[in-house]
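Hi everyone, and thanks for coming. I'd like to walk you through a structure that is new to most of us, so please have a look at it on the screen.

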Amino acid sequence: MGLFDPLKGFGVTFSTMFKKVATEEYPEVPKIPAARFHGRHQLNRHPDGLEKCVGCELCAWACPADAIFVEGGDNTEEARFSPGERYGADYQINYLRCIGCGLCVEACPTRSLTMITDFELANDNRQDLIYTKEQLLAPLLPGMEQPPHPMRLGEDEQDYYVHGPELARRAGVPEGSTVETGSEEARR
Amino acid sequence: MGLEEKLPSGVLLTTVEKLVNWSRKTSMWPATFGLACCAIEMMTSGGARYDIARFGMERFSATPRQADLMIVAGRVSQKMAPVLRQIYDQMPEPRWVLAMGVCSSSGGMFNNYAIVQGVDHVVPVDMYLPGCPPRPEALLDAILKLHAKVMDEPLGPKRAAALAESGHRTELIPSSVRYAKKK
């Protein structure tokens, strides 16, 4: 042990004063995680506002924690929520069970269910952590219309699934937004 | 506690209540109760990048007798449940419990005979934090929401009765909204 070793040690401490601070200022500066972060879910919409969910329950079957409850319903000509025959009449995700694995997103055949990067879910009530369909549905972007309403972008559901992007372009998706858009992208 | 129960509720005592609650929330020492993978995120929150000490949690207390907040991080097995209760009983009042992660909140994906289906079967829980595991920011968010709840806690039975009568419930705003910089 040399004579100047203690000074050397303080030198290390002192030099950190001129280094960049590692701490992030989370509550004051909002944290935007990576785009593929598994936050809470979102039920997407077609460009005219119709829901993409067809109520097939594949997400509920894929879920390893049994966190998803789906109840399908029949579309009628008077009340149409999604293109095609069926729609998700009731949709609930229990966030006290959901482990955010994303198997439900992989299982979804219509790309209705995706995940957004929202992670501030803490609550003091178990009941409030069961998210219902109204909470999970994507916000209506400009150009979208609250269902139920008839199919605006095609004759039948095949037009929506096969020519979806073309139809969306023809219908005019507003500038700066995409067909699948989360709340954080809408804010941008 | 004594004096505040004999006096009528008024300006002075509500101010004392605020001061007491403020001092409680700004120096809330957590008891470590890391049981599984969530504990890794909890330890990260104590590190330099997330720095839980910004919110008055200078150190994770290794003894429950000096702790105010029990962060149950991880799945609680049936064999661990009595230990958890004993540690909770050893904490001095006032005390709070934060169930971190889905396993301690509800059992999560472990719906089987070995895991307690939610730590609220054993101890009263003040804040549930979903996520598997929740990222450190989510833990900070849960702690800040708990701070908001602590600020609304009544001092003495008179104030508690008045609060129960008013039907007041603390609004839990996401922290990035509540603490957003004013433009």
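I'll talk about one chain by itself, then the contact between the chains, then an annotated site, and last some salt bridges.

Before anything else, please keep in mind that this is a predicted model.

Let's start with chain A. Its secondary structure comes to seven helices and five strands. If you read along the sequence, the order is α-β-α-β-β-α-β-β-α-α-α-α. Chain A has 188 residues, and 43% of them count as buried. What share of the contacts in chain A between residues at least 6 apart in sequence join residues at least 24 apart? That share is 75%.

For a single residue to look at in this chain, try A:S82. You'll find A:S82 in the loop between strand 2 (68-74) and strand 3 (86-94) of chain A. Is A:S82 buried or exposed? Its relative accessibility is 0%, and buried means under 20%, so A:S82 counts as buried. The side chain of A:S82 reaches the backbone oxygen of A:R86, at 2.7 Å. Setting aside neighbours within four places in sequence, A:S82 also has contacts with A:L50, A:E51, A:C53, A:N75 and A:Y87.

Now to where the two chains meet. Chain B brings 39 residues to the contact and chain A brings 29. Between them the chains bury about 2,900 Å², with 55% of that on carbon and sulfur atoms. Which residues of chain B lose the most area to chain A? They are B:Y128, B:P130 and B:R135, and together they make up 20% of what that side buries.

There is plenty of polar chemistry to point at here too. Seven salt bridges run between chain B and chain A. One to find on your screen joins A:D124 and B:K149, whose closest N and O atoms are 3.4 Å apart. For polar contacts, the count between the two chains is 15 residue pairs, with both residues at pLDDT 80 or more.

Which elements of chain B give two or more residues to the side that touches chain A? They are helix 5 (101-106), strand 4 (127-129), helix 6 (136-151) and helix 8 (175-178). Helix 6 gives the most, with eight residues. Sorted by class, that side of chain B has 18 nonpolar, nine polar and twelve charged residues.

Next, the annotated site in chain B. An unreviewed UniProt entry carries the annotation "binding site" for B:C37, B:C38, B:C103 and B:C132. These residues span 96 residues in sequence, yet no two of their C-alpha atoms are more than 10.3 Å apart, so they gather at one spot.

Two of these cysteines sit in loops. B:C37 is in the loop between strand 1 (30-34) and helix 3 (38-46) of chain B, while B:C132 is in the loop between strand 4 and helix 6. B:C132 is partly exposed, with a relative accessible area of 35%. What does B:C132 touch, not counting residues up to four places away in sequence? It touches A:I99 and B:V102, and the names show a partner in each chain.

To finish, salt bridges. Over all chains, the count comes to 17. In chain A, the side chains of A:K31 and A:E24 meet in one, at 3.7 Å from N to O. A:K31 is partly exposed at 22% relative accessibility, whereas A:E24 is buried at 14%. This pair is part of something wider: A:E24, A:K31, B:R49, B:R135 and B:E137 are linked in a network of salt bridges. You've already met B:R135, one of the chain B residues that lose the most area to chain A.

Another pair in chain A is A:R80 with A:E77, at 3.2 Å from N to O. A:R80 is buried, with a relative accessible area of 8%, but A:E77 is exposed at 64%.

Over in chain B, the side chains of B:R85 and B:D89 form a salt bridge at 3.1 Å, N to O. Both residues lie in helix 4 (residues 81-90), four residues apart, which is about one turn of the helix. B:R85 is partly exposed at 31% relative accessibility, and B:D89 is partly exposed too, at 43%.

That's my tour, and I'm happy to go back to any part of it.

Conventions. Residues numbered from 1 in each chain as written. Chains lettered and ligands numbered in written order. Predicted model: local features only at pLDDT ≥ 70, side-chain atom pairs only at ≥ 80, totals over all residues. Heavy atoms only, no water. Contact = heavy atoms within 4.5 Å. Buried area = accessible area lost by both parts, 1.4 Å probe. Salt bridge = Lys/Arg side-chain N within 4 Å of Asp/Glu carboxyl O. Polar contact = N/O pair within 3.5 Å; in protein donor to acceptor, adjacent residues only side chain to side chain. Nonpolar A, V, L, I, M, F, W, Y, C, P; charged D, E, K, R; others polar. UniProt positions renumbered as here; feature names shortened; annotations may be inferred. Buried < 20%, exposed > 50% of the residue type's maximum accessible area, 1.4 Å probe, protein only.
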